[in-house]
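User: I am new to reading protein models, and I would like to learn how to look at helices that pack together and at pockets. Could you take me through them step by step?

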Amino acid sequence: MRTKSLKKNKINVITLGCSKNVYDSEVLMGQLRANGKEVTHEAAAKDEGNIIVINTCGFIDNAKAESVNMILEYADKKDKGLVDKVFVTGCLSERYRPDLEKEIPNVDQYFGTTELPQLLKALGADYKHELLGERLTTTPKNYAYLKIAEGCDRPCSFCAIPLMRGSHVSQPIEKLVKEAQGLAKNGVKELILIAQDLTYYGLDLYKKRNLAELLEALAAVEGIEWIRLHYAYPTGFPMDVLELMKREPKICNYIDIPLQHISDSILKSMRRGTTQAKTTQLLKDFRAAVPGMAIRTTLIVGYPGETQEDFEILKDFVQEMKFDRMGCFAYSHEENTHAYLLEDDVPDDVKQARANEIMELQSQISWDLNQEKVGQVFRCIIDRKEGTHFVGRTEFDSPDVDNEVLIDASKHYVKTGEFVNIKIIEATEFDLYGEPA
């Protein structure tokens, strides 16, 4: 008896951009799996599936170019019959949908950042409300991102995020606790809290900044051992979080607080709502409240009107503050932002040279700080084995952006996904080398 062969659809989700996009892709894949769909994440060509969903980034020029190139690549594969359907979602299509539909018409459909139910429908799936917080995680099993809010109410002149993500909306504490419990049951030990702005958490729901109360509730979740804070805005930072960080061992002595610049004239033009004096005092208060905490920041150079003097002020600040971790970006002139009205008057080569100079400074600072760690023992989480090394992190390091601890796998065995005490035996600018203590 002959049976009719039916080709089974396989959906490949490709994620570009930040950890918030990773989270959104995981939610999408959890919904698809619950609908009985076969789904994979960034699968290799031989196994990539016949339906492609590209979750795009639209933040700055480089990210936009990467997203457009990915869409073009799969539109071309569709033309050649290598894939059947291509759907595009995320920030780029939220921001530029009419342009994309016109320029790349052979994409099946474009969706914005808030159109998950519509995207699922196009993929032949229903949005299941009962799946609250359930996702198909794409990170190593020991850590997961927890998105505590969406959108942003800050007026920063250079930033297009409110255009793509809307106003700030906090998630209720009980919903986040339930999600954390589900993650812990699946073996997650570290929660990385993300939002456009953690500082603002709770203002909309509870009429007060409520990050500390959320952290207390998450720290009570059995199985969660580390909680890490990413993207806290400096203005209005809830200082009760620092008291909690000091007394609650589960909350990592780590904070990611993007400062962007320090020259008063640039901060004013950026509409950051703070000054050099206030920011410097805030960082001193951080270090006084939690001695030894790691502070990560990001800076922007080449903003409209940035003079050499502004840049020298920034360099002096970097030297003085000795940030544990830092990223530095050349300013990207984004349409429909407040800063787009200003003349983009710093040449690209000057922007890049300034970014390189800041990172060179930071490289030396990082080298010096890492040398101090040699001989010390740190509790590390082991994320993965890569080549000849096990790769772990201390509580002072976030995945993908910070230092890693490398353990020689030919000499030592450590279990991935577990905590191990590691003695640091050598250090470079951005890596630590260690052995089990």
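**Helix crossings and a pocket**

Analyst: Let us begin with one pair of helices, in which α12 passes α13 in a right-handed crossing. Please keep in mind that this is a predicted model.

User: At what angle do the axes of α12 and α13 cross, and how is that angle put into words?

Analyst: The general idea is to compare the directions of the two axes, and an angle under 35 degrees counts as roughly parallel. Here helix α12 (residues 308–321) and helix α13 (residues 348–371) have axes that cross at roughly 15 degrees and come within 10 Å, and therefore α12 is described as roughly parallel to α13.

User: Which residues of α12 and α13 meet?

Analyst: From α12 come Q308, F311, L314, K315, V318 and Q319, and they meet R354, E357, I358, L361, Q362 and I365 in α13. Sorted by class, this contact of α12 with α13 has 6 nonpolar, 3 polar and 3 charged residues.

User: How does one read the pair α8 and α9, and what angle do their axes make?

Analyst: The reading follows the order of angle, handedness and contact. The axes of helix α8 (residues 211–219) and helix α9 (residues 240–247) cross at roughly 25 degrees and come within 8 Å, so α8 is roughly parallel to α9. In its passage by α9, α8 makes a right-handed crossing. On the α8 side the contact is made by L211, A212, L215 and E216, and on the α9 side by D240, V241, L244 and R247; by class, there are 5 nonpolar, no polar and 3 charged residues in it.

User: What word describes the way α2 lies to α3?

Analyst: Helix α2 (residues 61–79) packs with helix α3 (residues 91–103) at an angle of about 55 degrees, and their axes are 12 Å apart, which means that α2 is oblique to α3. Their crossing is right-handed. K64, S67, V68 and I71 in α2 meet L92, R95, Y96 and L100 in α3, a contact whose residues divide into 5 nonpolar, 1 polar and 2 charged.

User: Now for pockets: how is empty space found, and what volume does the second largest pocket have?

Analyst: In general, a probe the size of a water molecule is rolled over the atoms, and this shows where empty space is left. The second largest pocket has a volume of about 710 Å³, and of the 28 residues that line it, Y23, D24, V27, L116 and Y127 are the closest to its centre.

User: Which element gives the most to the lining of the second largest pocket?

Analyst: That is α1, with 5 residues, while α1 (19–34), β4 (85–90) and α4 (116–122) each supply at least two residues of the lining. By class, the lining of the second largest pocket divides into 10 nonpolar, 10 polar and 8 charged residues.

Note on methods
Residues are numbered from 1 along each chain as its sequence is written. This is a predicted model: local features need pLDDT of at least 70, side-chain atom pairs count only at pLDDT 80 or more; totals for chains, interfaces and linings use all residues. Side-chain values use heavy atoms; hydrogens and water are left out. Axes are lines fitted to C-alpha atoms, for helices over the stretch in contact, and angles run from 0 to 180 degrees between N-to-C directions. Helices (H or I, at least four residues) and strands (E, at least two) are DSSP runs, numbered from the N terminus. Angles under 35 degrees count as roughly parallel, over 145 as roughly antiparallel, 65 to 115 as roughly perpendicular and the rest as oblique. A crossing is left-handed if the near helix is turned anticlockwise from the far one by less than a right angle, and right-handed if clockwise. Contact means heavy atoms within 4.5 Å. Ala, Val, Leu, Ile, Met, Phe, Trp, Tyr, Cys and Pro count as nonpolar, Asp, Glu, Lys and Arg as charged, and the others, Gly among them, as polar. On a 1 Å grid over the protein atoms alone, a cavity is a set of points where a 1.4 Å probe fits but cannot get out, and a pocket is an open set with protein on both sides within 12 Å along at least five of seven lines; lining residues have an atom within 4 Å of a point. Grid points are joined across faces, edges and corners, and a volume is the space filled by probe spheres set on the points.
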